[in-house]
Amino acid sequence: MIIAIDGPAAAGKGTIAVKLARHYGLNHLDTGLLYRAIGRLMADQGLDLDDPVAAGAVARALKPADLQNAELRGREAGELASRVAVHADVRAALVDFQRDFARTPPGAVLDGRDIGTAICPDADVKIFVTASPEVRARRRTDELNAKGRDVPYERILAEILERDERDSHRSAAPLRQADDAVRLDTTALDAEAAFAAAIAIVEAGHD
Ligand code: CDP
């Protein structure tokens, strides 16, 4: 079984994806990590993130070891990721790896922005996880505060809105709900309730 989970930043897709994978005994790929690693490598090498040729070369040379960096989960890497993710060459370089991962038995849950639309258009189940920008910003702010990082809510909200805008309006595989995806709005749901709703979608959506 292949489950595609897409949606904007901090909507809860990562948490849902991890729990679904555990529940169904599937592999899990956080595809955002690939773009984060490319952004980080380019920044570390002093390369221009807006240069599609340089970005494509870094994407084609990406190695599994490049993903083993705790810093990739942070805010800065998210911003770098969104900038390199606009390049068609970067996206193309990552397609085969993601499809091979999805097809490897026993199947997988992949979360990202274009899984249901571009990477796995034939996924057994597609879920588009969303929530209001204000609730997403509140969650991110609380997460950061819990780690002792005091970042103002307004700043996080502005970053989320900027990232939504860039991800939704790029020409290469923009963030959008696939026609056959089920929308899961987590604005009023906690993590447990969102997971229960996701299970119900999977159970209804595959045979
Ligand atoms: O957890 P969060 O949603 O903040 O970040 P992420 O899923 O790691 O994605 C970081 C950035 O990578 C996004 O803002 C997208 O620009 C890009 N991305 C993408 O374009 N396609 C994917 N399949 C996954 C991430």
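**Close-up views of the ligand site, pocket, cavity and two backbone features**

The largest share of the shell around the ligand, three residues, is supplied by α2. The legends below describe a predicted model.

**View 1. The shell around the ligand.** The ligand is surrounded by 18 residues. Arg36, Arg91, Arg140, Arg163 and Asp167 are the closest of them. Three helices, α2 (32–44), α4 (75–84) and α8 (153–169), each contribute at least two residues to this shell, and α2 contributes the largest share. Sorted by class, the shell consists of nine charged, five nonpolar and four polar residues.

**View 2. Polar contacts to the ligand.** Two arginine side chains and one threonine side chain are shown with the ligand. In Arg36, a polar side-chain atom is 2.6 Å from an oxygen atom of the ligand. In Arg163, a polar side-chain atom is likewise 2.6 Å from a ligand oxygen atom. For Thr31, an N or O atom of the side chain lies 2.9 Å from a nitrogen atom of the ligand. On its own the ligand has 530 Å² of accessible area, and the protein covers 95% of this.

**View 3. The largest pocket and its centre.** The largest pocket is where the ligand sits. This pocket contains about 1200 Å³ of space. Its lining is made up of 47 residues, and those closest to the centre of the pocket are Ala10, Lys13, Arg36, Arg73 and Arg140. Arg36 and Arg140 are also among the closest residues to the ligand.

**View 4. Elements that line the largest pocket.** Helices and strands both contribute to the lining of the largest pocket. The helices that supply at least two residues each are α1 (13–24), α2, α4, α7 (133–146), α8 and α9 (191–205). The strands that do so are β2 (27–30) and β3 (108–112). Which element gives the most to the lining of the largest pocket? The answer is α4, with six residues. By class, the lining of this pocket divides into 21 charged, 15 nonpolar and eleven polar residues.

**View 5. The cavity.** One cavity of 30 Å³ or more is present in the structure. The largest cavity holds about 30 Å³ of space. Its lining is formed by Ala4, Asp6, Gly116, Lys126, Ile127, Phe128, Gln177, Ala178 and Ala181. Two strands, β1 (2–6) and β4 (125–130), are the elements that each give two or more residues to this lining. The largest share, three residues, is from β4. The lining of the largest cavity comprises five nonpolar, two polar and two charged residues.

**View 6. The loop at Ala10.** Ala10 belongs to the loop that connects β1 and α1. Its phi is near 60 degrees, which is a positive value in a residue other than glycine. Ala10 is also one of the lining residues closest to the centre of the largest pocket. Strand β1, on one side of this loop, gives two or more residues to the lining of the largest cavity. Helix α1, on the other side, supplies at least two residues to the lining of the largest pocket.

**View 7. The cis peptide bond at Pro106.** Is the peptide bond from Pro105 to Pro106 cis or trans? This bond is cis, and its omega is near 10 degrees. Pro106 is located in the loop between α5 (88–103) and β3. Strand β3, which follows this loop, supplies at least two residues to the lining of the largest pocket.

Conventions. Residues numbered from 1 in each chain as written. Predicted model: local features only at pLDDT ≥ 70, side-chain atom pairs only at ≥ 80, totals over all residues. Heavy atoms only, no water. Near = heavy atom within 4 Å. Polar contact = N/O pair within 3.5 Å; in protein donor to acceptor, adjacent residues only side chain to side chain. Areas by Shrake-Rupley, 256 points an atom, 1.4 Å probe, with all protein chains shown as cover. 1 Å grid on protein atoms, 1.4 Å probe; cavity = no way out; pocket = protein on both sides within 12 Å on 5 of 7 lines; lining within 4 Å. Sits in = over half its atoms within 2 Å of the grid points. Helix = DSSP H or I, 4+ residues; strand = E, 2+ residues; numbered from the N terminus. Nonpolar A, V, L, I, M, F, W, Y, C, P; charged D, E, K, R; others polar. Points joined across faces, edges and corners; volume = space filled by probe spheres on them.
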